[in-house]
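This report describes selected features of a predicted model. The sequence and structure are shown first, and the description follows under short headings.

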Amino acid sequence: MKKITKAGFALLSFALLFSGCRKEKFAVSKRPVMLRLSEVHARGYPTSLADIEFARLVEERTEGRVKIEVRAGGALAETEPDAIAALKLGDLAFARVSAAPIAEYVPKLNAIMLPYLYRSSDHMWKVLNGSVGQGMLNDIETSGSGLVGLCYYDSGSRNFYTTKPVHSVSDMQGLRIRVQANQMMIDMCTALGATGVSGIGFSAVRNAISGGIVDGAENNWPSYQSGGDYTVAPYFILDQHTRVPEILLASKKVMDRLDPDDLRLIKECAKETQSFEIQKWKEKEAASEQIVRANGNTIIELSSAAFSEFQEAMQPVYAKYGSQYSDIIQTIKNTN
């Protein structure tokens, strides 16, 4: 099957993904319901492993009534925004994507992605598994976006990596940094004197850096290593500016056509894969860091003064994206 692109959505028939299903509820068919899940990361990546575990659990719990085919490496949708658009149309059933591009449809999600918001990974997970995080998943489903938030996955902390050393905010001046398709991330770079560049897919970042289109990017240890970006951007700055969770999404159009009992099982299975993915993430993060350090890359830890400088520069970002969610931000800060 060809990759889904924005230009091709209108030409895709619902029957391509759900051939053999009549217009009535899927549950009336004697044949298994075949659904597809899009993943931009390669097979073996923590989220891809969790996708496969999700598919396994769903087939097992529904006794074979629902089967999910996981297509990794961008085989179904080249970029996460493409996957989201396909979900909205019902041309895909599931996709694992970052929370960042979802915030373009559900702006409240920006409140859990603000720069330098979390004290640690444990702090973030207490928030996501608590009233704030679970409320956000409900907001996705009730937003009218056509998306259903099933669960969160870990993606560690995001850090800048560049072709030149960065020790202070002044070192960020004039740099072109690839960011996710999210306006807040672009504004974060602007606040640091850099230029945020979106529209570059995950698999194209390495070539964009080596070709001089951008001077660096920002991501976590595994993405920095697995995408090969560490071979062209040798400076990894441990500023931990954001912890942006991954979200396993479903298409509301597709979910509405499933048997209610099977839909309940699907949601339960998704929740169960969260702890599985978190463990796989920890293992991958440690392995990726070891590979990068062994390669001789320069790992820059900001001084406390420099870190405070980066935090201080975020005031315009908080004013723009956090002012209307001050209660949520305060709840996050008070979470222990």
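## Strand β10 and its neighbours

Strand β10 is covered on both of its faces: on one side Glu 246, Leu 248 and Ala 250 are buried, and on the other side Ile 247, Leu 249 and Ser 251 are buried as well. The strand spans residues 246-251, and 6 of its 6 residues are buried.

Two strands pair with β10 in this predicted model. Strand β3 (residues 94-98) pairs with β10 in the antiparallel sense over 5 bridges, and Arg 96 stands opposite Leu 248 of β10. Strand β4 (residues 147-153) also runs antiparallel to β10, to which 6 bridges join it. Within this pairing, Tyr 152 has Ile 247 as its bridge partner in β10.

## Aromatic pairs

Across the whole structure, a search finds 8 aromatic pairs. One of them is formed by Trp 221 and Phe 236, whose rings are tilted, with 4.3 Å from centre to centre and 35° between the planes. This pair links distant parts of the chain, as Trp 221 belongs to helix α9 (residues 221-226) and Phe 236 to strand β9 (residues 235-242), 15 residues apart. Both Trp 221 and Phe 236 are buried.

Tyr 224 and Tyr 230 form an edge-to-face pair, with 6.3 Å between the ring centres and 70° between the planes. Tyr 224 counts as buried because its relative accessibility is 0%. Tyr 230 has a relative accessible area of 16% and is therefore buried too, since the limit for this class is under 20%. Ring pairs link Tyr 161, Trp 221, Tyr 224, Tyr 230 and Phe 236 into a cluster.

## Cysteines

A disulfide is a covalent bond between the sulfur atoms of two cysteines. The count for this model comes to 0 disulfides. In the case of Cys 269, the closest cysteine sulfur is that of Cys 151, 11 Å away, which is too far for a bond; the cut-off is within 2.5 Å.

Cys 269 counts as buried because its relative accessibility is 0%. Cys 189 also counts as buried, at 0% relative accessibility.

## Asp 187 in helix α7

Asp 187 is located in helix α7, which comprises residues 183-191. With a relative accessible area of 15%, Asp 187 is buried. When residues up to four places away in sequence are not counted, Asp 187 touches Val 317, Lys 320 and Tyr 321.

Technical notes. Residues are numbered from 1 along each chain as its sequence is written. This is a predicted model: local features need pLDDT of at least 70, side-chain atom pairs count only at pLDDT 80 or more; totals for chains, interfaces and linings use all residues. Side-chain values use heavy atoms; hydrogens and water are left out. Rings of Phe, Tyr and Trp (its six-membered ring) pair if their centres lie within 6.5 Å; planes under 30 degrees apart count as stacked, over 60 as edge-to-face and the rest as tilted. Helices (H or I, at least four residues) and strands (E, at least two) are DSSP runs, numbered from the N terminus. Buried means under 20% relative accessible area, exposed over 50%, partly exposed in between (1.4 Å probe, protein chains only). Contact means heavy atoms within 4.5 Å. Two strands pair if DSSP finds at least two bridges between them.
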